[in-house]
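This report concerns side-chain ionic contacts, helix packing and surface features. The sequence and the structure are shown below.

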Amino acid sequence: MSIFTKYEPLARSLAAVTHGGGRNPFSVVIDRPLSSTLGMIEGRETLLFGTNNYLGLSQSEAAIEAAIDTLRTHGVGTTGSRIANGTQSLHRQLEARIATFFRRRHCMVFSTGYQANLGMISALAGKDDYLLLDADSHASIYDGSRLSQAQVIRFRHNDPEDLHKRLRRLDGTPGAKLIVVEGIYSMMGDVVPMAEFAAVKRESGAWLLADEAHSVGVMGEHGRGVAEASGVEADVDFVVGTFSKSLGTVGGYCVSDQDGLDLIRLCSRPYMFTASLPPDVIAATMAALGELERRPELRHRLMDNARRLHAGLNAIGLRTGPQASPIVSVVLDEVDQAVRFWNRLLDLGVYVNLSLPPATPDQHPLLRTSVMATHTAGQIDHAIEIFATVAREMGVGR
């Protein structure tokens with residue numbers, strides 16, 4: 001028996017997606033970026049509407065120059081984990097910088113955003129504790145819960161009342177209760193009602209962790225995310241996020257006012273046993289964070305663009321999520337229909353993400369777009385026109 005036998009259903013599903021010579025949507029190669037909004041794919045100039053590069057800072061000149069300068073002085077890597085030889089002064093500077101940005105006392109930096117969730121959730125919740133997770137939580141949250149061995153209770157997506165009901169059932173039960181929500185959910189772009197969840201947290205005496213990966217740099221007066229926009233930052237005990245969205249680099253973090261956070265450095269396995277971020281990435285991240293702080297117009301332009309794309313796709317009769325955010329997903333009925341739509345979009349010069357069940361809410365396939373502050377109105381309108389062309393060809397929408 002082959003060790004890969006268990007993956008035969010997956011192989012059949014992939015074959016169905018790529019039948020007839022279609023592309024593998026999970027291995028598209030961007031040959032090179034031409035700008036934050038344009039890339040070369042299959043030898044063609046292609047509009048990028050699937051990169052999560054919300055502020056366009058992956059191409060920041062300030063970040064690029066900071067990375068180059070640091071490469072010359074610090075080299076290309078650390079060759080060690082944070083608890084061995086992998087902590088340089090730059091790592092401490094970055095943690096202090098992020099803590100200051102969030103107005104928190106403590107910060108831990110991880111090598112990826114995935115590891116930030118994996119490392120924090122698995123260390124904060126033990127086998128005698130309870131994790132209360134939104135049903136639409138990211139894979140990194142579920143993986144962290146498995147590593148923690150805590151008891152997992154799921155509540156209905158974005159439903160504070162359902163959470164409250166489940167917490168009431170735990171009244172008097174020993175063990176800590178940690179609620180985990182996201183700021184903006186990555187599939188449909190819907191925003192968490194953070195103030196309502198904060199109220200449940202206060203009443204129940206639970207702890208609250210917010211994954212603001214898709215909302216930092218996007219929401220709030222200073223770009224600190226949904227908790228800031230909702231006026232409940234003090235109620236969020238732990239904020240987890242990533243550098244790979246609005247800041248355009250790679251890495252993850254957790255900020256908190258809890259003094260126990262430093263102890264997590266000694267028991268979070270994804271933190272302890274992973275090589276630390278290379279110095280050039282740290283320098284680029286700090287430069288990008290400076291741009292985020294100095295240029296609030298990026299955030300405003302981003303939301304204007306999100307509203308333009310959301311309204312335009314709805315105007316041509318396509319079904320999207322209920323609110324405009326930098327993630328605008330088109331909901332389709334059948335996987336085969338979504339695969340053909342996605343392929344045709346790429347043929348005509350628009351790259352988006354194809355998201356398929358079981359990774360999507362309600363088991364519907366999605367054409368997931370993400371918009372940037374650096375997209376022009378003309379680029380957004382052109383993408384909408386191409387969506388309209390493909391929709392007409394396929395008999396979808398109006």
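## Salt bridges within helices

Arg146 and Asp143 are joined through their side chains by a salt bridge, with an N to O distance of 2.7 Å in this predicted model. Both residues belong to helix H5 (residues 139–148), and because they lie 3 residues apart there, about one helical turn separates them. Arg146 has a relative accessibility of 60% and therefore counts as exposed, the cut-off for that class being over 50%. Asp143, at 25% relative accessibility, counts as partly exposed.

A salt bridge also links the side chains of Glu95 and Arg92, at 3.4 Å from N to O. These two residues are 3 residues apart in helix H3 (residues 89–102), so the separation of Glu95 and Arg92 is again about one helical turn. Glu95 is buried, with a relative accessible area of 4%, since buried residues are those under 20%. Its partner Arg92 counts as partly exposed, at 46% relative accessibility.

## Further salt bridges and a network

In the structure as a whole, a search finds 29 salt bridges. One of them pairs Arg295 with Glu297, where the closest N and O atoms are 3.4 Å apart. Arg295 is partly exposed at a relative accessible area of 30%, and Glu297 is likewise partly exposed, with a value of 34%.

Shared partners connect some salt bridges into a network, whose members are Arg23, Glu42, Arg44, Arg344, Asp347 and Glu393.

## Helix packing

Two packed helices are described by the angle between their axes and by the distance between those axes. Helix H2 (residues 61–74) packs with helix H11 (residues 279–294) at an angle of about 150°, and the axes are 7 Å apart. H2 and H11 are therefore roughly antiparallel to each other, because angles over 145 degrees fall in that class. The crossing in which H2 passes H11 is right-handed.

For helix H13 (residues 335–347) and helix H14 (residues 377–394), the packing angle is about 135° and the axes are 10 Å apart. This angle means that H13 and H14 are oblique to each other, because it lies outside the ranges for roughly parallel, roughly antiparallel and roughly perpendicular pairs: under 35, over 145 and 65 to 115 degrees. H13 passes H14 in a right-handed crossing.

## The loop before H13

Glu334 is located in the loop between strand E11 (327–331) and H13. With a relative accessibility of 51%, Glu334 counts as exposed, given that the class requires over 50%. Which residue, 31 residues from Glu334 along the chain, has its C-alpha atom 6.6 Å from that of Glu334? The residue is Pro365.

## A nonpolar surface patch

Ile3, Phe4, Tyr7 and Leu10 make up a nonpolar patch on the surface, and their combined accessible area is about 490 Å². Tyr7, one of these residues, occurs in the segment before helix H1 (8–17). Tyr7 is partly exposed, at a relative accessible area of 44%; that value satisfies the patch criterion, because patch residues need over 30%.

Key: Residues numbered from 1 in each chain as written. Predicted model: local features only at pLDDT ≥ 70, side-chain atom pairs only at ≥ 80, totals over all residues. Heavy atoms only, no water. Patch = residues over 30% accessible without salt bridge, like charges linked within 9 Å, V, L, I, M, F, W, Y side chains within 5 Å. Areas by Shrake-Rupley, 256 points an atom, 1.4 Å probe, with all protein chains shown as cover. Salt bridge = Lys/Arg side-chain N within 4 Å of Asp/Glu carboxyl O. Helix = DSSP H or I, 4+ residues; strand = E, 2+ residues; numbered from the N terminus. Buried < 20%, exposed > 50% of the residue type's maximum accessible area, 1.4 Å probe, protein only. Axes fitted to C-alpha atoms, helices over the stretch in contact; angles between N-to-C directions. Left-handed = near helix turned anticlockwise from the far one by under 90°.
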